[in-house]
Amino acid sequence: MMNYSAEQAAPPPHGPAVTARDLTVVRGPRTVLRGLRFAVPRGRITGLLGPSGCGKTTLMRAVVGTQANVTGTLEVLGRPAGDAALRPRIGYVTQAPSVYTDLTVRQNLDYFAHVLRPGRDHREARHDAVTRAIADVDLTSHENALAGNLSGGQSSRVSLAVALLGTPELLVLDEPTVGLDPVLRRDLWNLFHTLADRGTTLLISSHVMDEAERCHRLLLMRAGRILAEDTPDALRARTATATAEEAFLHLVDEADSRQETLR
């Protein structure tokens, strides 16, 4: 795979892919998301970064329309989040690989391709889509291997290939590189930039701060709130820090100081 940087991506198409205003999620006695306002630009990689438990997964579930008890306004690709018309336009990869362990890689993708495009008339299109998705995630040499015999990283790539079958406009990835070795992480990020260059919008969560440098734009979260929304360069300049991690910690200290002042 070629090496891509955030600066190499083509200009975004038009308008935000996701817009949130006063987005709130309450689960039992706990408010998980607290009045969020943000925008995710089209054709870019937006990193959703923050510590475990800060609300990243809940926010992603809200974007793809699977989260209950959502209030406020959340528009995705020009429609309300969860609208049935959005289903074929969004790819969603959860933290746990979603594959059938007793099927091969290609059989897994063939099955999901049939779900997306049933009928004999789509046979050739399904075959081409499966072959392309397997190549995109660099699993061509493993396409006949049982999914149950794959490594954790390979299983994650099969799940990603399933999400790519429908050539989604928006790809939502929940911590896709957790637990992967550095080489595989690099290769996946190269793929993410390739997809963005094709016009796909990616929303990628992570709690690994060095991955922030690979994104075009960042949403930094803590305790159900957005601490900052900007490019990595702008956040480093704003906080006079050298890395995204230092910028995040600076913003956390600022937020804590404001809370102390209000008490």
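Select strand 4 (70–76) and strand 5 (79–80) to begin, where two bridges join the antiparallel pair; helices and strands here are DSSP runs numbered from the N terminus, of at least four residues (H or I) for a helix and at least two (E) for a strand, and two strands pair if DSSP finds at least two bridges between them. Within this pair, E75 has P80 of strand 5 as its bridge partner. The model is a predicted one, in which local features need pLDDT of at least 70 and side-chain atom pairs count only at pLDDT 80 or more, while totals for chains, interfaces and linings use all residues. Residues are numbered from 1 along each chain as its sequence is written, and side-chain values use heavy atoms, with hydrogens and water left out.

Stay at the turn and pick L77, in the loop between strand 4 and strand 5. This hairpin has two residues between its strands, and L77 takes a positive phi near 50° there, in a residue other than glycine. Is L77 buried or exposed? With a relative accessible area of 5%, L77 is buried, where buried means under 20% relative accessible area, exposed over 50% and partly exposed in between, computed with a 1.4 Å probe on protein chains only.

Next, add strand 1 (residues 16–27), which is joined to strand 4 by six bridges and runs antiparallel to it. Two positions to label are T19, which stands opposite E75 in strand 4, and R21, which stands opposite T73 in strand 4. Then bring in strand 2 (30–41), which pairs with strand 1 in the antiparallel sense over eight bridges. Here V25 stands opposite L33 in strand 2, and in the hairpin of strand 1 and strand 2, with two residues between the strands, G28 takes a positive phi near 65°.

With these four strands shown together, what is their order in the sheet? They form an open sheet in the order 2-1-4-5, with antiparallel pairing. Strand 2 and strand 5 stand at the edges with a single partner strand each, so one side of each is left without a neighbour in the sheet. As general background, strands of a sheet pair through backbone hydrogen bonds, either parallel or antiparallel.

For another positive phi, move to A223, in the loop between strand 9 (217–222) and strand 10 (225–230). A223 is not a glycine, yet its phi is positive at about 50°. A223 is exposed, with a relative accessible area of 52%.

Now select Y100, Y111 and F112, which ring pairs link into a cluster. Rings of Phe, Tyr and Trp (its six-membered ring) pair if their centres lie within 6.5 Å, and planes under 30 degrees apart count as stacked, over 60 as edge-to-face and the rest as tilted; by this rule the count comes to four aromatic pairs. Y100 and F112 form a stacked pair, 6.1 Å centre to centre with 25° between the planes. Because Y100 lies in the loop between strand 6 and helix 2 and F112 in helix 2, the pair ties together parts that are 12 residues apart in sequence. Y111 and F112 form an edge-to-face pair, 5.1 Å centre to centre with 75° between the planes. Both tyrosines are partly exposed, Y100 with a relative accessible area of 38% and Y111 at 39% relative accessibility.

Turn then to the largest pocket, which holds about 660 Å³ of space. On a 1 Å grid over the protein atoms alone, a pocket is an open set of points where a 1.4 Å probe fits, with protein on both sides within 12 Å along at least five of seven lines, and lining residues have an atom within 4 Å of a point. Grid points are joined across faces, edges and corners, and the volume is the space filled by probe spheres set on the points. Of the 24 lining residues, select R87, I90, G91, Y92 and A163, the closest to the pocket centre. Strand 6 (90–93), helix 2 (105–116) and helix 4 (152–164) each supply at least two lining residues, and strand 6 gives the largest share, four residues.

Finally, select residues 18–248, which an unreviewed UniProt entry annotates as "domain: ABC transporter"; such annotations may be inferred rather than shown by experiment. Over this range the chain is 33% helix and 27% strand, and the end C-alpha atoms are 23 Å apart.
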